[in-house]
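Got your viewer open? Let's take a walk through this model, one selection at a time.

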Amino acid sequence: MAGPTQKPLIKIHIKSEQQTTLSYRDSNTVAFNRERVDGEITPVRAEQSSTRDNKDTQYGAHLAIDLNMDTHSDTGVVKSWLKLTLGEEHCVEKVEMRYEGSSRYWTYTQQYCSHCEGYFCNLYSLTVSMRLGESSTLPAASDCKNGNTVILEKIDRLLNLINPYTLTVKELLVFGKREDTTADCSNLESRWNNADVVTEPALPVEHGTNLILSCPEGYTNKGGNVATCQDGKVVLTNQPPDCRCEFAFKLYRLFDD
């Protein structure tokens, strides 16, 4: 007797931080595991308002962050929410609710304001915040929201009566704003500024720019003069500049002779 026929491999494209191709077989017996996306934060815990039929193994909150698109979390009929705890504080740039073939996602375009794109966005609300009693330690930004928890809620509307299990989540992805590791250089160390050392080209300059350091008029540089802008700091490639007054230097040479 012939065994069951394996169903064909289907490829879908899902919009995320980068265009990603995921593959799965249309079968309940083959797991559809996704890979964590670049920039994605790994939550430390998932909780929800209630669990459908009290079946935590089948519908628990942890299934919304298990990297498996064949599983999902599902709440009961009470006011529904799903909460992710991120561990440490992040500046959250985007949250994506991923489901078969597409996704619904929220981006922070202004401080404390999120914008949702995708089907039925009006049925959901998303909040990024600090845990109760904790304060943010990160500087405020215009394109991300500081917090260590993410709460997704299903809004009570007439359409919700069609589906008594009000919040079903395949995968909820959270993305943090990545730090800029190639900052520009805008100033020199204070000791060089005090000596009126100047650069060519003049500051500010972009990361990776090579610089020539020189002393002000009337002074002679008896030290190094080459530097590079690296991650917001002017880094010397040889010894530091040593500016000496030309008159004093000439007088020293006269008596030395």
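A residue is called buried when its relative accessible area is under 20%, exposed when it is over 50%, and partly exposed in between (1.4 Å probe, protein chains only). By that yardstick, 35% of the protein's 257 residues are buried. This is a predicted model, so local features need pLDDT of at least 70 and side-chain atom pairs count only at pLDDT 80 or more, while totals for chains, interfaces and linings use all residues. Residues are numbered from 1 along each chain as its sequence is written, and side-chain values use heavy atoms, with hydrogens and water left out.

**Stop 1: the whole chain**

Switch to cartoon view. You should find three helices and 18 strands; these are DSSP runs numbered from the N terminus, with at least four residues for a helix (H or I) and at least two for a strand (E). Now colour by pLDDT, the predictor's confidence in each residue from 0 to 100. The mean is 78, and 75% of the residues reach 70 or more.

Select residues 1-30: pLDDT stays under 50 here, although the model has 54 contacts beyond four places in sequence for this stretch. A contact means heavy atoms within 4.5 Å. Residues 249-255 are also below 50, with one contact beyond near neighbours in sequence. Where pLDDT is low, the predicted coordinates should not be read in detail.

**Stop 2: a cluster of charges**

Select Arg34, Arg36, Glu40 and Glu171, which are linked in a network of salt bridges. A salt bridge here is a side-chain nitrogen of Lys or Arg within 4 Å of a carboxyl oxygen of Asp or Glu. Glu40 meets Arg34 at 2.8 Å, N to O, and Arg36 at 3.1 Å. Which of these are buried, and which partly exposed? Glu40 is buried because its relative accessible area is 11%, and Arg34 also counts as buried, at 5%. Arg36, at 32%, is partly exposed.

For another pair, jump to Asp242 and Arg244, whose side chains meet at 3.2 Å, N to O. Asp242 is partly exposed at 30%, and so is Arg244 at 41%. The count for the protein comes to 13 salt bridges.

**Stop 3: a buried arginine**

Next, pick Arg104 in strand E7 (residues 102-110). Its relative accessibility is 5%, so Arg104 counts as buried. Show its side chain and follow it to the backbone oxygen of Tyr119, at 2.6 Å. Beyond four places in sequence, Arg104 touches several residues, including Val95, Met97, Cys116, Phe120 and Tyr124.

**Stop 4: a strand with two faces**

Select strand E14 (residues 210-214) and turn on side chains. Leu211 and Leu213 point to one face and are buried, while Asn210, Ile212 and Ser214 point to the other and are not. In a regular strand the side chains alternate between the two faces of the sheet.

Now add E14's partners; strands pair if DSSP finds at least two bridges between them. Strand E13 (residues 198-200) runs antiparallel to E14, joined by three bridges, and Glu200 stands opposite Ile212. Strand E16 (residues 226-230) is also antiparallel to E14, over three bridges, with Ala227 as the bridge partner of Leu211.

**Stop 5: a loop residue**

Finish at Asp184, in the loop between strand E12 (171-176) and helix H2 (190-194). Is it buried or partly exposed? Asp184 has 46% relative accessibility, so it counts as partly exposed. Leaving aside neighbours within four places, Asp184 contacts Val205, Glu206, His207, Cys229 and Gly232. Val234 sits 50 residues along the chain from Asp184, and their C-alpha atoms are separated by 9.5 Å.

Notes. Polar contact = N/O pair within 3.5 Å; in protein donor to acceptor, adjacent residues only side chain to side chain.
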